[in-house]
Amino acid sequence: MWRSLLGSHKVMMFESFGVGILHKISTPVSKEAFVFGPFNLNTQKRWKKPVVSARTRLEDRTRDLRLDKLTRQLMRLKIVLKLRELMLKRRDPYVSVQRLSRWKNIVGLNIEMGVFLRKYPHIFEMFTHPVKRNLCCKFTQKMANLIEEENNIIKDSELIAVQRLKKLLMMSTNGTLHIHALRLIRRELGLPEDFQDSILLKYPDDFRLVGLEIVALVSRDENLAVAEVEKWREKEYREKWLSEFETRYAFQIHFPTGFKIEKGFREKLKNWQRIPYLKPYGQKEVIRIRSCGGIERFEKRAIGILHEFLSLTIEKMVDIERLSHFRRDFNMEINLRELLLKHPGIFYISTKGNTQTVFLREAYGKGCLFHPNPIYTVRRKMLDLLLLGCRSTRELQPQKGILERHNDIDCNEVVQSPRVGHWVIPILESFDHQNPNKNLSEVSDTSDEELNEKYGNLCSQDDAYVKGKE
């Protein structure tokens, strides 16, 4: 009997010991080190395969330092232009620094407003208000002239803006676009602020409003149905004598400096360049994704649309968040960021700032456009003015010009009377007339009593003015 009890007790201890070991092995959150023992010699610990997603690709991508630097500079210029939009809503051409500091979160500024304004004296002119005696700010004449020049160029290039809108509508699936999406990329397309009235309603033969927030294309223009990449293909075919099979569906590839080409990558890229796809301005056909090569052709069609979309912009760049508003209109129901990261030779995503900006790589060289346009040239001048910082400030505004501008401020007219200390200037002038040949040492020998007797009347007049002012 005792033997049976001892045997059952040993079996229970062995089972509890084994369950405890298995529990430790199967627990994924165990902080203890995994030690192989006599009961788990054949047990293997399986490691999860690292997931390759858009986020990991974004972190591991090859950086383009020049485009990243350009993005940081353009972010500061956007803050300046946002401040200008807020200042235009006010009646006066100037705003107090105290009120500007309230707009810090609206424009996305992470430093003090006064520090930001003093960093760019070529753009912001700070002065003391003659009546309210508070610190105010307004744009310099140089910056105001550049803004006016940009608005004039946009008005003169109205027909080019009409062609851009027609091309976008021709690329859409149903020939319609949302006005809200166009309003978000108004600056990228070079459209005026009131483009809904000045362009959409002005050309009824080309555009038609469907409701309040949708614009439709009235008639197609086949002369405009030529993509920029097709012009490049024709040039490559004629100049380099390449075969039509190699260039018919190819894209221009420019990898960033330091890009690592893995084994087999060139062959995959060569095969992808030959995949046929539906061109942006071609007939809208339904692509069967489940068919053989359907996914590749669908993605390549989306690449062609994004390439043409960026080619139509002024600076060949756009925010990905604003680009996503056109996914349904262009029938691109895919992850745009992941698709752009798959093709680093065509696009580049910069993460500097609060947004992610996509660039068309073939359009940029050393941080500048290869083929600039008039609007880009003016905006580049604004950026150069911002990049001057505090340099070359001696020639900005001489002291005499400052006084004249302060007197011309648009505010309540104030009659300025002579202030305390104005009598010093006639004293010095009289010294020059009376002692033209004397040096400064002789002037300094004049006693205080003689000065008081000679110019006592001026001092008494000035004191009387001050008492009357009080």
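A residue is taken as buried when its relative accessible area is under 20% and as exposed when that area is over 50%. Cysteine 137, at 0% relative accessibility, therefore counts as buried. The structure considered here is a predicted model, and the accessibility values below were computed from that model.

The protein has 470 residues, of which 37% are buried. Its secondary structure consists of 22 helices and 11 strands. Among contacts with a sequence separation of 6 or more, 67% join residues that are 24 or more positions apart. The exposed area of the protein is about 31100 Å², and 53% of this area is supplied by carbon and sulfur atoms.

In soluble globular proteins, nonpolar side chains tend to be buried together. The largest nonpolar core of the model contains 100 residues, and the members that touch the most others are Phe124 and Met143. Helix H3, which spans residues 65-88, gives the most to this core, with 10 residues. Apart from neighbours within four places in sequence, methionine 143 is in contact with Leu77, Val80, Leu81, Ile123, Met382 and Leu385.

Helix H7 covers residues 141-156 and includes lysine 155. Lysine 155 has a relative accessibility of 59% and so counts as exposed. The C-alpha atoms of lysine 155 and leucine 191 are 8.6 Å apart, with a separation of 36 residues in sequence.

An open sheet is formed by 3 strands in the order E1-E3-E2, with antiparallel pairing. Strand E1 (95-96) and strand E2 (124-128) are the edge strands, each pairing on one side only. Between E1 and strand E3 (residues 135-139) there are 2 bridges in the antiparallel sense. Valine 95 has cysteine 137 of E3 as its bridge partner.

With disulfides requiring cysteine sulfur atoms within 2.5 Å, the count is 0 disulfides. For cysteine 137, the nearest cysteine sulfur belongs to cysteine 136 and lies 8.7 Å away, and cysteine 137 is in no disulfide. That distance exceeds the cut-off because a disulfide needs the two sulfur atoms within 2.5 Å.

The loop between E2 and E3 holds arginine 133. Phi of arginine 133 is positive, near 60°, in a residue other than glycine. Arginine 133 is exposed, since its relative accessible area is 54%. A positive phi, of about 55°, also occurs at lysine 316, which is not a glycine. Lysine 316 is placed in the loop between helix H15 (294-312) and strand E7 (317-319). Its relative accessibility is 17%, and lysine 316 therefore counts as buried.

Strand E9 pairs with E7 and with E8. E7 and E9 are joined in the antiparallel sense over 3 bridges, and methionine 317 stands opposite phenylalanine 359 in E9. Strand E8 (residues 347-350) also runs antiparallel to E9, with 4 bridges between them. In this pairing, phenylalanine 347 stands opposite leucine 360 of E9. The hairpin of E8 and E9 has 6 residues between the strands, and glycine 353 takes a positive phi near 95° there.

In a regular strand the side chains alternate between the two faces of the sheet. In E9, Thr357 and Phe359 lie on one side and Val358 and Leu360 on the other; all are buried, and both faces of the strand are covered.

Arginine 361 is located in the loop between strand E9 (357-360) and strand E10 (364-365). Arginine 361 has a relative accessibility of 10% and is therefore counted as buried. The side chain of arginine 361 reaches the backbone oxygen of histidine 254 at 2.6 Å. This distance falls within the 3.5 Å limit for a polar contact. With neighbours within four places in sequence left aside, the contacts of arginine 361 are Asp64, Leu67, His254, Phe255, Pro256, Pro344, Gly345, Ile346, Phe347 and Tyr348. One of these, Phe347, is the residue of E8 that stands opposite leucine 360 in E9.

Technical notes. Residues are numbered from 1 along each chain as its sequence is written. This is a predicted model: local features need pLDDT of at least 70, side-chain atom pairs count only at pLDDT 80 or more; totals for chains, interfaces and linings use all residues. Side-chain values use heavy atoms; hydrogens and water are left out. Buried means under 20% relative accessible area, exposed over 50%, partly exposed in between (1.4 Å probe, protein chains only). Contact means heavy atoms within 4.5 Å. Accessible areas come from the Shrake-Rupley method with a 1.4 Å probe; for residues, only the protein chains shown count as cover. A polar contact is a pair of N or O atoms within 3.5 Å; within protein, one must be able to donate a hydrogen and the other to accept it, and residues adjacent in sequence count only if both atoms are side-chain atoms. A nonpolar core is a set of buried Ala, Val, Leu, Ile, Met, Phe, Trp, Tyr and Cys residues joined through side-chain atoms within 4.5 Å. Two strands pair if DSSP finds at least two bridges between them.
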